[in-house]
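Colleague: I should be grateful for a close look at a single part of this model. Please choose one helix and describe its surroundings in a connected account.

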Amino acid sequence: MKIYSNIRYSGMDEKANGSMDTKSPVENGQIADPANWGVADVVNYFKATGFEEQATAFQDQEIDGKSLLLMTRNDVLTGLSIKLGPALKIYEYHVKPLQTQHLKSNAS
């Protein structure tokens, strides 16, 4: 089981004028609250965790951070048209822990 709690990526997106947008979902060594993520942040997160191919499903369905936090296991397994193996890993090792982290951080 791989856990990607130490993921660091810049989340940089190239703007039309060639400059870089440096919005990063990593704050103080911790992943920023997913509720504030845009679609690009969700896509970049899954690309950074090794799900490059599956990340496009989140883009196609326009899943932002708030939507990600509301996803059920069934949503990930059937709603994104992702193969079963990667879909199970995405839900169990990423979506569910992000939801738990979000709940814990907002409970305090």
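Modeller: The account below begins with the whole chain and then turns to helix α2 and its partners.

The model is a predicted one. The protein contains 5 helices and 4 strands, and their order along the sequence is β-β-β-β-α-α-α-α-α. Of the 108 residues in the protein, 36% are buried. Among contacts between residues at least 6 apart in sequence, 48% join residues at least 24 apart.

Helix α2 spans residues 52–60, and its buried residues are Gln 54, Ala 55, Ala 57 and Phe 58. These four lie on the same side of α2, because they cover an arc of only 145 degrees around the axis. On the other side of the helix, Glu 52, Glu 53 and Asp 60 are exposed. The buried residues of α2 have three helical partners, namely α1 (39–48), α3 (65–70) and α5 (84–107). After the helix comes Glu 62, which has a positive phi, near 55 degrees.

Among the buried residues, Phe 58 deserves separate attention. This residue of helix α2 has a relative accessibility of 0% and therefore counts as buried. Neighbours within four places in sequence set aside, Phe 58 is in contact with Val 39, Val 42, Val 43, Phe 46, Ile 63, Leu 68, Met 71, Leu 80, Ile 82 and Ile 90. One of these contacts, Leu 68, is 10 residues from Phe 58 along the chain, and the C-alpha atoms of the pair are separated by 8.9 Å.

The packing of α2 with α1 can be described in geometric terms. Two packed helices are described by the angle between their axes and the distance between the axes. Here the axes of α1 and α2 come within 8 Å and cross at roughly 165 degrees. That angle is why α1 counts as roughly antiparallel to α2, the cut-off for this class being over 145 degrees. The crossing in which α1 passes α2 is right-handed. On the α1 side, Val 39, Val 42, Val 43, Phe 46 and Lys 47 make the contact, while α2 contributes Glu 52, Ala 55, Phe 58 and Gln 59. By residue class, the contact comprises 6 nonpolar, 1 polar and 2 charged residues.

Helix α1 has its own set of buried residues: Asp 41, Val 42, Val 43, Asn 44, Tyr 45 and Phe 46. Among them, Tyr 45 counts as buried because its relative accessibility is 4%. Between Tyr 45 and Ala 55, which are 10 residues apart along the chain, the C-alpha separation is 8.3 Å. Following α1 is Gly 50, with a positive phi near 100 degrees.

A further partner of α2 is α5, and one residue of that helix is Gln 99. Its relative accessibility of 13% is the reason that Gln 99 counts as buried. Residues up to four places away in sequence excluded, Gln 99 touches Leu 68, Leu 69, Leu 70, Met 71 and Tyr 91. Leu 68 and Met 71 also appear among the contacts of Phe 58.

In summary, α2 has Gln 54, Ala 55, Ala 57 and Phe 58 buried, with exposed Glu 52, Glu 53 and Asp 60 on the other side. The buried residues pack against α1, α3 and α5, and α1 runs roughly antiparallel to α2.

Definitions and conventions. Residues are numbered from 1 along each chain as its sequence is written. This is a predicted model: local features need pLDDT of at least 70, side-chain atom pairs count only at pLDDT 80 or more; totals for chains, interfaces and linings use all residues. Side-chain values use heavy atoms; hydrogens and water are left out. Buried means under 20% relative accessible area, exposed over 50%, partly exposed in between (1.4 Å probe, protein chains only). Helices (H or I, at least four residues) and strands (E, at least two) are DSSP runs, numbered from the N terminus. The arc is that of the directions from the helix axis to the C-beta atoms. Contact means heavy atoms within 4.5 Å. Axes are lines fitted to C-alpha atoms, for helices over the stretch in contact, and angles run from 0 to 180 degrees between N-to-C directions. Angles under 35 degrees count as roughly parallel, over 145 as roughly antiparallel, 65 to 115 as roughly perpendicular and the rest as oblique. A crossing is left-handed if the near helix is turned anticlockwise from the far one by less than a right angle, and right-handed if clockwise. Ala, Val, Leu, Ile, Met, Phe, Trp, Tyr, Cys and Pro count as nonpolar, Asp, Glu, Lys and Arg as charged, and the others, Gly among them, as polar.
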